[in-house]
Structure formats: C-alpha cells, structure tokens
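Work through the exercises below with the structure open. Try each task before reading its solution.

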Amino acid sequence: MPSLQSVISCLSDYDPSALPVEQANRIIAEVIEPVSGIEQVAIREALDRVLAEDVVSPIDVPAHDNSAMDGFAFSSAALQSASGGEVTLRVIGTALAGEAHGLTPATGEAVRIMTGAVMPAGCDTVVPQEFTQRVAEAAGEAAGETVRFAADAVRAGDNRRLRGEDLARGKPALNQGRVLQPADLGLLASLGIAEVRVRRRLRVAFFSTGDELRSIGEPLDAGCVYDSNRYTLHGMLRRLHVELIDMGVVRDDPAALEAALRSACENADAVITSGGVSVGEADYTKQIMAELGDVTFWKIAMRPGRPMAFGRIASNGHQALLFGLPGNPVAVMVTFYHFVRAALHRMMGADIAPPPLMRVRSAQAIRKKPGRTEYQRGILARGADGQWEVRITGQQGSGVLRSMSEANCFIVLAHEQGGVEAGDPVEVMLFEGLL
Ligand code: AMP
Ligand code: MG
C-alpha cells in the first residue's frame, strides 16, 4: 500500500489547510486497497455482498430459441408468399413450454405454440394468437385446423427469443466487484448456480470523542449533549452492510483514547471517530492519532465538515484506515457520504459508480462563496408547474441535524460556483440510494 506521504508528495498544489473535496478524495482513493479474504455463500446470503470473482455463464439462457408469446410459430418465408395480404397455414400440432415436442412444420404449416415453448425446427417467427383467426377445415379433408392472419401483423423474427440472448455460455454473467442486487440473485439462479464467492465483510470500528457527550440513559449535565453521532454512524454503516464495532463514547483522556484507537485498529479494517479534530481543539484526539500512525489533518474546502483526519494507524502488527470526522452532527454525515462511503466501498472491493447528480431548478436564492464545495440539505419536490425544484431545509447550521432529517437530497454547490438566484439550475444528489 502506498504511504500517505508518497501520495501527497506527488501533488504540486497540495494545501492541507484548504484542500478541495476532489483532491482529498483522490488522495484517499490512492491510499486504499481492497481487503483480502473470500467466503463462499449461498446465493440468498449473497444479497448486498461483493462478488470476489467473475461469474462465467456455464449455459446458454435461454437454452433454446423459444416463443415470447402464445400464438403460432411458422417460417417467415410464408410472409413473402402471402396472397392478397393474408397468410393461411395448416396447424400441425401444439408446442407446450417444457416439452421436447419435435414438431417440424413443412411449407404452408404452423405449430400452435405457448410462451416459453421451444421453437419448432424451421420456424423463426411467432404470430400472437390475438392477430389470428382460426378456421376449422372443411369436412372431408384431413382432421385439423388452419390459422389465418394479415401478413403485416408480424415481421420476420418477431416474438422469438434467441438461445443465449439473456446470458451466453462462456461469457461473464456478472463481474467481480459487483454488489449483488435482487436481479443478480435471480440471474445466478437462472444459471443453476447455488453458491458464489464473495469478499469477506469489512469490519468498521467507531467511537465518539468529547467530554461534553453523554450516552442515552445518563443524566444530561449542564453543558452536555447526548451522543447522536454514534447512532447516525450506526445507521449509515449498517446500510453499507459492514460488520460494526460500536465503541460508544471515549473520554478525552490520552490513555483512554490510545487504548480505544489501538483496540479499534487491532479489530477492524477501518476506524471512524467523530469530534476532536478541529483546529485549536484543546483535546488529545489529534495528538494520539498522530502518534499511532501516518495521519494527516485536513481543513477541507467544504461546508459543512471542514476538519478531518485521514490516514493509517498501526498497533501490535495490525493496521487500519482512520477517518477522524468532525464532531458536528451534520458534518459527520456530510463527510461520511462524501469521503468515507466511497472509501469503504473501495476497501470492500465494490465497484460502485459515484451517485448521480440531477440538475433541477432552485426554488430560492442560495448564498454561496466560491472556493469551497457546499452540501446544503434540500427538499426536492414538484413545483406548481409540475417541474422538479429544490428548496433548502431551513437552518443549515452544521449542528442542526433536523436539516438532514427533513431533507431528501444534498444540493451540491461546486467549488468554483458563487451564489444561486431563484430559478437557477442546481445539482442535487438524492438521498434515496445513498442513505
Ligand atoms: P468538535 O469537532 O469536537 O469540536 O465538535 C463540534 C461540535 O459537535 C460540538 O458542539 C460538539 O458538542 C458536537 N459533537 C461532537 N461530538 C458529538 C456527538 N457524538 N454527538 C453530538 N454532538 C457532538
Ligand atoms: Mg470537541
């Protein structure tokens, strides 16, 4: 793994006291490597897990050309030879799904076919039943029936599913790094695959720091607040399907902090702390973090969430990545979503695209200075004219957790951009799918 120093020394314009969001993310990405360790799990247990290797399809799905409709299978040659715009074919039998029927119609003949049934030899087209008229044959002729339809009701190849069109034998059906979704479980089942190899779950330890913090159940002394970061972090990490090591509140005391960081480091792949990393902070958090490893302290050009510690700590032969998040409850969430989430995905080996940004109208003017990225909390809804528009959720202070609770998106105001007028387009990142 490259050291933080070696990554940082390659940057010409590195300024830890005003680090652009994008640069911080680039440094984090370069330092991180996926954890090793693979488990084999049954496909039901593989939901939300990260595929450790490509799954190559052992079979063609579907295994045969088959019908996409209930109707009549025939050779499209009959469409060209139709007289008076009508095709009339003699029905020689019925093909049901799941049977090897062996029916082979000759010129002028068709097979009644059900959805999913194997296409008869020589047939390439299915005319849906609702476009046809079935005519009983005149008495005296051989028993059976004929079917009649307009030649322009179908084109050659219509309503036929091709062998291997879903998944072709020998081709990768799912790529390593895929975080398995419900459709993927079905897809694996369609290949007859019962178990897959996935990466082991990431272990993440987290704790809150600050002598003003009280845990639920403790009396709230004057000047104290309840530790809410413990619960937002719990929620955010649960959504990433990691193994949690919840260490609660750690006192602002060098021995307690060192013991907590060492224990976290020895038991987890990543350690997340909140509080104590601000400039001029009078506590010991930064000092102990720096003593335990290769850790830098950034002031990120963003709002909320300016101070952040990042690096790698070591204890008794174990290493862990460290994210020292700010203490303010909104700043914790914003830095988690905009730095930690992608970093943990990378550690899990998960190949996940950055969340999409949607461009919508701002319902109001928003003040913003160039030179920092802002993540205002917004409510995206349809305006009176039916178009999507976003407004901010009242007070945007980094301690006002209600702003996150009421919001359904971040309004992402880019580093260089200035203020926004009512009616201007802005970019939003939806919480749905992110949270
Ligand atoms: P800090 O980054 O330590 O200076 O903390 C900034 C602000 O966030 C202070 O007002 C803290 O009281 C508050 N804070 C820090 N940690 C927590 C926490 N775990 N839960 C709620 N508020 C917190
Ligand atoms: Mg503090």
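Three exercises follow, on the ligand, the domains and the enclosed space.

This is a predicted model, where local features need pLDDT of at least 70, side-chain atom pairs count only at pLDDT 80 or more, and totals for chains, interfaces and linings use all residues. Residues are numbered from 1 along each chain as its sequence is written, chains are lettered from A and ligands numbered from 1 in the order in which they are written, and side-chain values use heavy atoms, with hydrogens and water left out.

**Exercise 1.** Describe the surroundings of ligand 1.

Solution.
- Start with the shell: 16 residues surround ligand 1, and Glu212, Asp227, Gly276, Glu281 and Gly327 come nearest. A residue counts as near with a heavy atom within 4 Å.
- Sort the shell by class: four residues are nonpolar, nine polar and three charged. Gly counts as polar here; Asp, Glu, Lys and Arg count as charged.
- Look for polar contacts (N or O pairs within 3.5 Å). An oxygen atom of ligand 1 lies 2.9 Å from a polar backbone atom of glycine 276. For asparagine 328, a polar backbone atom is 3.2 Å from a ligand 1 oxygen. Serine 278 offers a side-chain N or O atom at 3.3 Å from an oxygen of ligand 1.
- Check the cover: on its own, ligand 1 has 490 Å² of accessible area, and the protein covers 79% of it. The area comes from the Shrake-Rupley method with a 1.4 Å probe.

**Exercise 2.** Into which domains is the chain divided?

Solution.
- An automatic or database assignment sets the bounds.
- Domain 1 is 4-36 + 201-348, domain 2 is 39-61 + 173-199, domain 3 is 66-161 and domain 4 is 358-430.
- The C-alpha centres of domain 3 and domain 4 lie 58 Å apart.

**Exercise 3.** Which residues line the largest cavity?

Solution.
- The lining is Asp48, Arg49, Val50, Arg199, Arg200, Arg201, Leu202, Leu240, His241 and Met348. On a 1 Å grid over the protein atoms alone, a cavity is a set of points where a 1.4 Å probe fits but cannot get out, and lining residues have an atom within 4 Å of a point.
- By class, four are nonpolar, one is polar and five are charged.
- Domain 1 and domain 2 each supply at least three of the lining residues.

Technical notes
A polar contact is a pair of N or O atoms within 3.5 Å; within protein, one must be able to donate a hydrogen and the other to accept it, and residues adjacent in sequence count only if both atoms are side-chain atoms. On a 1 Å grid over the protein atoms alone, a cavity is a set of points where a 1.4 Å probe fits but cannot get out, and a pocket is an open set with protein on both sides within 12 Å along at least five of seven lines; lining residues have an atom within 4 Å of a point.
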